[in-house]
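The following paragraphs lead through one structure step by step, from its aromatic residues to its strands and loops. Please keep the sequence and the coordinates in view while reading.

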Amino acid sequence: PLLASAHESSCIRLWSIQGNLMKELLPFSGQPSGSLTALCTDIFIKILLTGSKEGYIFRWNIASFLEDSRNKKNQIKEQLCWRAHATEVVDLFIEEEKNVVVTASIDGSVRLWHAMTGYYFGYFGQARRFELTDTSRLILPSDVNDFSAIIKEKSKRKEKKQVIYPLMLDRDK
């Protein structure tokens, strides 16, 4: 068992059932994630999705980490980021059978997205039927103009080196 919490600082924390902090995550995609407002996993707990106050959805692969969280090689990887709404995401879930992510926003819209690519399928209440098999048409909602961004594994966050510079008065200078 695992508990996940999303925070105002964009941080995701993964906890053991005993209450021990296992991992802290921050989005790497470079998008302004802002406060995280929603999160969910698939039923197999291999994918973690988070939604933000700015309308972004972040997709994380947590499968290898959960298999052996003590192995440093098994990292959680951010795989995908896309702008789903122009305003805050209030809820989201994955429908595994159709491979779809459903998102809801404070603007009152509920939208469908391809779970693996972030392609937009449409919104609830539209006149046309959802075409869930065609992911080749790159369409976007009218209020969003950013396509999904696939996060490359090679682009890793650089660790900040801690360098201590003691303040010393040099009277000669």
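Ring pairs join Trp82, Trp113 and Tyr120 into a cluster, where rings of Phe, Tyr and Trp (its six-membered ring) pair if their centres lie within 6.5 Å, and planes under 30 degrees apart count as stacked, over 60 as edge-to-face and the rest as tilted. This is a predicted model, in which local features need pLDDT of at least 70 and side-chain atom pairs count only at pLDDT 80 or more, while totals for chains, interfaces and linings use all residues. Residues are numbered from 1 along each chain as its sequence is written, and side-chain values use heavy atoms, with hydrogens and water left out.

A search of the whole structure returns three aromatic pairs. One of them is the tilted pair of Trp113 and Tyr120, with 5.0 Å from centre to centre and 55 degrees between the planes. Both Trp113 and Tyr120 are buried, a word that stands for under 20% relative accessible area, whereas exposed means over 50% and partly exposed lies in between (1.4 Å probe, protein chains only).

Two of the cluster residues return in the nonpolar interior. The largest nonpolar core, a set of buried Ala, Val, Leu, Ile, Met, Phe, Trp, Tyr and Cys residues joined through side-chain atoms within 4.5 Å, has 15 residues, and those with the most contacts inside it are Leu49, Ile57, Trp82, Leu92, Ile94, Val101 and Trp113. Two or more residues each come from strand S4 (36–41), strand S5 (47–52), strand S7 (77–83) and strand S8 (89–95), and S8 gives the most, with three residues. Strands (E, at least two residues) and helices (H or I, at least four) are DSSP runs numbered from the N terminus.

The UniProt record, in an unreviewed entry, lists residues 82–113 as "repeat: WD"; its positions are given here in the numbering of this model, with feature names shortened, and such annotations may be inferred rather than shown by experiment. Over residues 82–113 the chain is 0% helix and 59% strand, with the end C-alpha atoms 10 Å apart.

Towards the start of the chain, three strands form an open antiparallel sheet in the order S1-S2-S3, two strands being paired if DSSP finds at least two bridges between them. Its edge strands, each pairing on one side only, are strand S1 (2–6) and strand S3 (21–25). S1 and strand S2 (residues 12–16) are joined in the antiparallel sense over five bridges, and the bridge partner of Ser5 in S2 is Arg13.

The loops offer some further detail. Most residues other than glycine have a negative phi. Ile45, in the loop between S4 and S5, nevertheless has a positive phi of about 55 degrees without being a glycine, and it is partly exposed because its relative accessible area is 40%. Asn99, in the loop between S8 and strand S9 (100–105), likewise has a positive phi, near 60 degrees, and at 26% relative accessible area it is partly exposed. Thr133, in the loop between strand S11 (120–123) and strand S12 (149–150), has 69% relative accessibility and therefore counts as exposed. Thr133 and Lys98 are 35 residues apart in sequence and 9.0 Å apart in space, C-alpha to C-alpha.
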